[in-house]
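Welcome! Let's take a friendly walk through this structure, one contact at a time. Have a look at the sequence and the fold, and then read on.

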Amino acid sequence: AAAPLQPAHSAFTGIEAMQQRSAAMLLAVLRAGALRAPVRRLSRRAATTTSMAAEHFDYLVIGAGSGGIASARRAALHGAKVAVCERGALGGTCVNVGCVPKKVMYNAAHIMECLHDAPLYQYSGADGVSLDWGALKTARDNYVTRLNGIYGRNLDGSGVTKLEGLASFKSAKEVSVGGETYTADHVLVAVGGKPTMPADLPGVEHCISSDGFFLLDEMPENALVVGAGYIAVEMAGILHALGCDTDLAVRGAKPLRSFDDLMSDTLVSEMARQGLTLQAETTLAKVELTADGKKKVTTTDGRVLGEYSEVLLAVGREPLTGPLDLQHAGVDLDANGRYIAVDEYQNTSAEGVYALGDVCGNIELTPMAIAAGRRLADRLFKGQEHAKADYSDVPTVVFSHPPIGTVGLTEKEAVEKYGEANVKVWTSTFVNLWYGPMPIDPADKPRTAMKMVTAGSNELIVGLHVIGVGADEMLQGFAVAVKMGATKADFDSCVALHPTAAEEFVTLAPWGEGAGDKQGDRSGAAQPALA
């Protein structure tokens, strides 16, 4: 739905060319079958006035990512005449170069970890197993292409018109798509974002982004991943687990600094145990291409980190708002001039124009964008005037090794919000039963770590955090309880599933002594509202 931001100075031409090459390569892979359902092909005749509009819609969505498609289909379900415009493969970042292909690679890495553990369960023969990276890439890309087709068929089944091309505003009610002008009563901007490639880094053109990771035809011999966020952590963990000699460089003392300290500190310990090298307090000064095609990396303090097959930069993302001509619609950006400014109902400064997802910068997660898109459609086309997405207590997972699941406030955030005297914390660190029978020193066995953060005399759970085997699948159900206002006593009242790691959350000591403990009394429990 939007092109890469255009450089403002000739010094950016190197990175611009690199981004365009990457985008072209990626789309060549993903476009096959992405729009198999009939697409409204656009003429190149320009329409400059409302009276020349090709077609009018109740709702026009710019961007066919998860949030945009969810909102479009929901609006069509309510009877609206809807169009979605997209210039690339359907599904956006998540389906094409994000959550989905990342999870495929994470699964491959998990299988490799199981192979490493197999001899410790007295299996033999695992040492001879190898990964065919190219074949895995083909299977992964074919799966993504199939998903593109499913998205297209779902749009068709919902009666949503697909418009193919680059979109830009001519006014708040007029949108140009590939040279054709369309009008709409309501317009949603859901174009997502792209990886940031720092133009002031000499040699940035020799690096790849997280998008470029999915273009690799073979596993690198060694790699440097740069960044402290979850994308960097996930990419580094995948590469290392699959057998690539991997370093992770972060500017601060550790990665995932915004996460609870128990999570990030445990992850750092696990990285060290696994042999993944953490280059802390490290900032890149330049990347040079050597005669043999390696990337030589030098830091700002003069150190040469090494020569790498690949240098992957995961230092942030930026919204794809550049080509939209938002000024023609009267849409304002935030105080930093970066994201589209919206209120709690996804309204922008222009009446009838809305925005959600990565272009807003508020919880940039696929499920959050989907929820916001559906609530917006309910408000606009179902008469639910107060419908809006709830951005509080949003659970998230990091597919690190081991994975992290978290919902709510960290301990530090809870203390800052409620005061130290009003916050109680329960923690548990233990060896998962998976590693129990392995004949290795107990001190060398990976740890699972959990933390429950409560506030107030009623011990309301305001934060829940876990790192360890199964954390990614474990947290969803607990997040529902947190959203419903569960207390420590509520968790204690639930009988444990044994033997599991999840049971630790409902058996945190001291057990059965929390504020409001019902001592087994269910007389006040919710009952079904029968007709």
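A salt bridge is counted here when a side-chain nitrogen of Lys or Arg lies within 4 Å of a carboxyl oxygen of Asp or Glu. What you see is a predicted model, where local features need pLDDT of at least 70 and side-chain atom pairs count only at pLDDT 80 or more, while totals for chains, interfaces and linings use all residues. Residues are numbered from 1 along each chain as its sequence is written, and side-chain values use heavy atoms, with hydrogens and water left out.

Let's begin with one pair. Lys388 forms a salt bridge with Glu344, and their closest N and O atoms are 2.3 Å apart. This contact links distant parts of the chain, 44 residues apart: Lys388 is in the loop between α9 (366–381) and β17 (396–398), and Glu344 is in the loop between β15 (317–319) and β16 (353–355). The helix and strand names come from DSSP runs, numbered from the N terminus: helices are H or I with at least four residues, strands are E with at least two. How open are these two side chains? Lys388 is partly exposed, with a relative accessible area of 33%, and Glu344 is partly exposed at 46%. On this scale, buried means under 20% relative accessible area, exposed means over 50%, and partly exposed lies in between (1.4 Å probe, protein chains only).

Now turn to Glu221, which forms a salt bridge with Lys294, the closest N and O atoms being 3.4 Å apart. Because Glu221 lies in the loop between α6 (210–213) and β8 (222–226) and Lys294 in the loop between β11 (284–289) and β12 (295–299), the pair ties together parts that are 73 residues apart in sequence. Glu221 counts as exposed, at 61% relative accessibility, whereas Lys294 counts as buried, at 15%.

A third pair joins Asp260 and Lys451, with closest N and O atoms 2.9 Å apart. Here too distant parts of the chain are linked, 191 residues apart: Asp260 is in the loop between β9 (245–249) and α8 (261–274), and Lys451 is in strand β20 (residues 448–455). Both Asp260 and Lys451 are buried.

Salt bridges can also join up into a network, as they do for Lys137, Arg140, Asp141 and Asp217. How many salt bridges are there by this rule? The count comes to 23.
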